[in-house]
Amino acid sequence: MSTVNPEPLWRPDPQRTAKAQVTRFQSWAAEHHGAPAEGGYPALHRWSVDELETFWKAVTEWFDVRFSTPYARVLGDRSMPGAEWFPGATLNYAEHALRAAATRPDEPALLYVDETHEPSPVSWAELRRQVGCLAARLRALGVRPGDRVSGYLPNVPQAVVALLATAAVGGVWTSCAPDFGARSVLDRFQQVEPVVLFTVDGYRYGGKEHDRRDVVAELRRELPTLRAVVHIPLLGTEAPEGALDWSALTAGDEEPVFEQVPFAHPLWVLYSSGTTGLPKAIVQSQGGILVEHLKQLGLHCDLGPEDRFFWYTSTGWMMWNFLVSGLLTGTTIVLYDGSPGYPDTGAQWRVAERTGATLYGTSAAYVMACRKAEVHPSRDFDLSRVQCVATTGSPLPPDGFRWLHQEVRDDLWIASVSGGTDVCSCFAGAVPTLPVYTGELQAPGLGTDLQSWDPDGRPLVDEVGELVVTNPMPSMPVHFWNDPDGSRYHDSYFDTYPGVWRHGDWITVTSRGSVVIHGRSDSTLNRQGVRMGSADIYEVVERLPEIKESLVIGIEQPDGGYWMPLFVHLAPGAALDDALLGRIKQAIREQLSPRHVPDEVIEVPGVPHTLTGKRIEVPVKRLLQGTPLEKAVNPGSIDNLELLHFYEELARKKA
């Protein structure tokens with residue numbers, strides 16, 4: 001790919017750069033910790049990875065992290081896996097998340113929005129009161145540090161209260177969204193054996209009510225470790241027999257008591273998508289998440305008490321946990337519970353307008369859907385408070401950058417970010433003081449030695465390679481649940497390059513220091529030795545108005561050949577005729593590479609996704625290689641299992 005110096009799409013003005021928290025942090029760290037005073041972000045980043053312990057010590061001081069007992073040193077052991085952060089220290093995540101209640105009790109901590117798009121505030125004082133009450137009730141129910149507490153909940157204030165109350169008592173939080181079916185939830189919760197389950201009776205989505213009481217009954221039957229079930233009547237139903245009522249548990253006025261736990265004490269369990277087996281149960285620590293999210297949200301996203309932080313997410317995706325951590329910076333967080341496109345495609349922009357969001361985060365897929373639907377955000381909504389639009393979930397194509405620049409504002413900071421559930425953070429993305437280049441992430445994150453490596457472990461610049469991280473990050477998993485010897489954890493990230501985290505993404509680090517994501521490296525398209533990421537194909541193909549979505553798979557054949565089909569889900573009214581076929585092939589040939597013109601273009605009824613909206617390439621590849629459906633994919637991880645029968649049938653015909 002060409003990484004010659006193009007003109008940036010956006011540059012921060014000098015005033016924004018001067019005011020940015022990362023600029024002020026750099027000046028302070030230069031004075032107190034020997035950071036470089038000159039050279040801007042690139043110099044600060046180099047220092048943050050070269051002087052890793054000093055950098056993280058500086059982060060804890062800058063954000064006034066309260067250690068109730070001091071740490072012996074920043075890194076007791078820096079080997080990966082198994083890095084030991086801040087040994088000896090004790091603290092509590094929830095205590096930090098509620099600190100703003102002391103100085104701004106009546107201001108909103110949460111703005112809750114449903115499909116009416118009318119915001120309802122919850123003040124800092126009210127949030128703290130509810131957390132205090134619920135934490136006391138959890139202790140009364142016998143919840144002790146290390147016990148798992150689960151939520152089958154939509155993105156509502158009660159979910160935030162339950163997470164914070166669990167963290168306050170030293171419990172371990174885990175959640176799934178209520179659009180997950182019983183099997184998907186049990187694949188996750190049965191691994192961790194929760195003692196308490198918070199549930200709703202149902203949820204509203206796309207203008208309809210969805211009753212989930214039967215699923216809740218099944219969860220209660222299949223989770224024998226439950227000591228209590230808490231009923232949240234979102235649809236107004238009575239609590240089922242034996243369940244506790246939410247309002248009774250949060251009535252009263254109790255000061256929260258924050259259990260002081262070791263830095264590495266588990267905070268929550270997140271889950272991988274689990275498309276090819278049981279989801280990995282990823283455990284992250286109270287201290288690791290606290291310091292990583294303060295860095296990411298405070299320095300990279302530049303969030304503070306004046307901000308309103310909205311990210312479209314559900315409780316089944318790590319971005320929900322990331323959103324809740326906005327509270328650590330004293331920011332008001334916006335919880336939107338509803339369809340991203342109801343009553344029309346512009347729904348999320350309306351929420352951003354009505355909540356006064358300053359940082360609005362969404363998926364790259366939503367941006368591209370708005371572009372296709374010819375939504376005009378700045379024409380139809382007052383987005384004057386939005387300083388940054390951030391995207392994740394998949395790489396934001398160059399056309400997405402250009403559309404945001406033209407249709408929202410030409411002085412808009414566009415932050416395409418990339419990380420993973422595995423670290424519940426970003427490896428690369430937002431930097432308020434750097435320019436934005438079309439189709440590129442601004443830079444690797446502070447403290448993150450992100451590199452692109454060839455198969456022999458040599459760093460690459462301006463060439464495609466594996467995304468690796470060569471030093472530990474505090475939010476890397478402390479372990480996986482039920483992985484006593486650590487083998488599953490090791491095999492997930494450290495089996496390719498010993499002692500170095502390999503994430504499984506295909507990236508280019510440019511000579512300007514920016515990053516381009518090309519898609520998953522385990523679904524790389526390798527034709528005649530030329531490698532390309534699937535994201536590059538999607539970006540070109542989905543520019544065509546007739547293509548709603550696409551899926552490309554590369555399959556090594558037993559005879560040494562290589563079959564590369566492109567599956568296309570057409571827009572209503574479109575037909576896959578010779579003219580469209582020709583335009584698809586011409587677009588790939590001219591804009592990418594003649595070698596990556598597909599062998600076949602096949603119309604499909606739809607593209608299957610994980611429950612968090614990512615296209616599933618590897619399970620489809622396995623199906624096409626002849627693996628039976630039940631072995632190729634975990635059915636509970638897919639949004640529409642019916643779609644897979646098409647690929648299964650195609651494999652049968654090919655065989």
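Helices and cysteines in a predicted model

Biologist: This is a predicted model. What makes the span of helix α7 agree with its number of residues?

Modeller: Helix α7, residues 157–168, has twelve residues, and at 1.5 Å a residue the expected reach is 16 Å. From its first C-alpha to its last, α7 reaches 16 Å, close to that expectation.

Biologist: Why is α7 called mostly covered?

Modeller: Buried means under 20% relative accessible area. Twelve of the twelve residues in α7 are buried, so the helix counts as mostly covered. Among them are Pro 157, Gln 158 and Leu 163. Just after α7, Gly 170 has a positive phi of about 85°.

Biologist: How do you know that the span of helix α11 agrees with its length in residues?

Modeller: Helix α11, residues 286–300, has 15 residues and should span 21 Å at 1.5 Å a residue. Its end C-alpha atoms are 20 Å apart, so the two values agree. In α11, 15 of 15 residues are buried. Asp 302 follows α11 and has a positive phi, near 60°.

Biologist: How many disulfides does the structure hold?

Modeller: The structure holds zero disulfides. Cys 176 is in none, as the nearest cysteine sulfur, that of Cys 424, is 15 Å away.

Biologist: Why is Cys 424 not bonded to Cys 426?

Modeller: A disulfide needs the two sulfur atoms within 2.5 Å. The sulfur of Cys 424 is 9.2 Å from that of Cys 426, its closest cysteine sulfur, and therefore too far for a bond.

Biologist: Are Cys 176 and Cys 424 buried or exposed?

Modeller: Cys 176 has a relative accessible area of 0%, so it is buried. Cys 424 is also at 0% relative accessibility and therefore counts as buried.

Key. Residues numbered from 1 in each chain as written. Predicted model: local features only at pLDDT ≥ 70, side-chain atom pairs only at ≥ 80, totals over all residues. Heavy atoms only, no water. Helix = DSSP H or I, 4+ residues; strand = E, 2+ residues; numbered from the N terminus. Expected span 1.5 Å × (residues − 1). Buried < 20%, exposed > 50% of the residue type's maximum accessible area, 1.4 Å probe, protein only.
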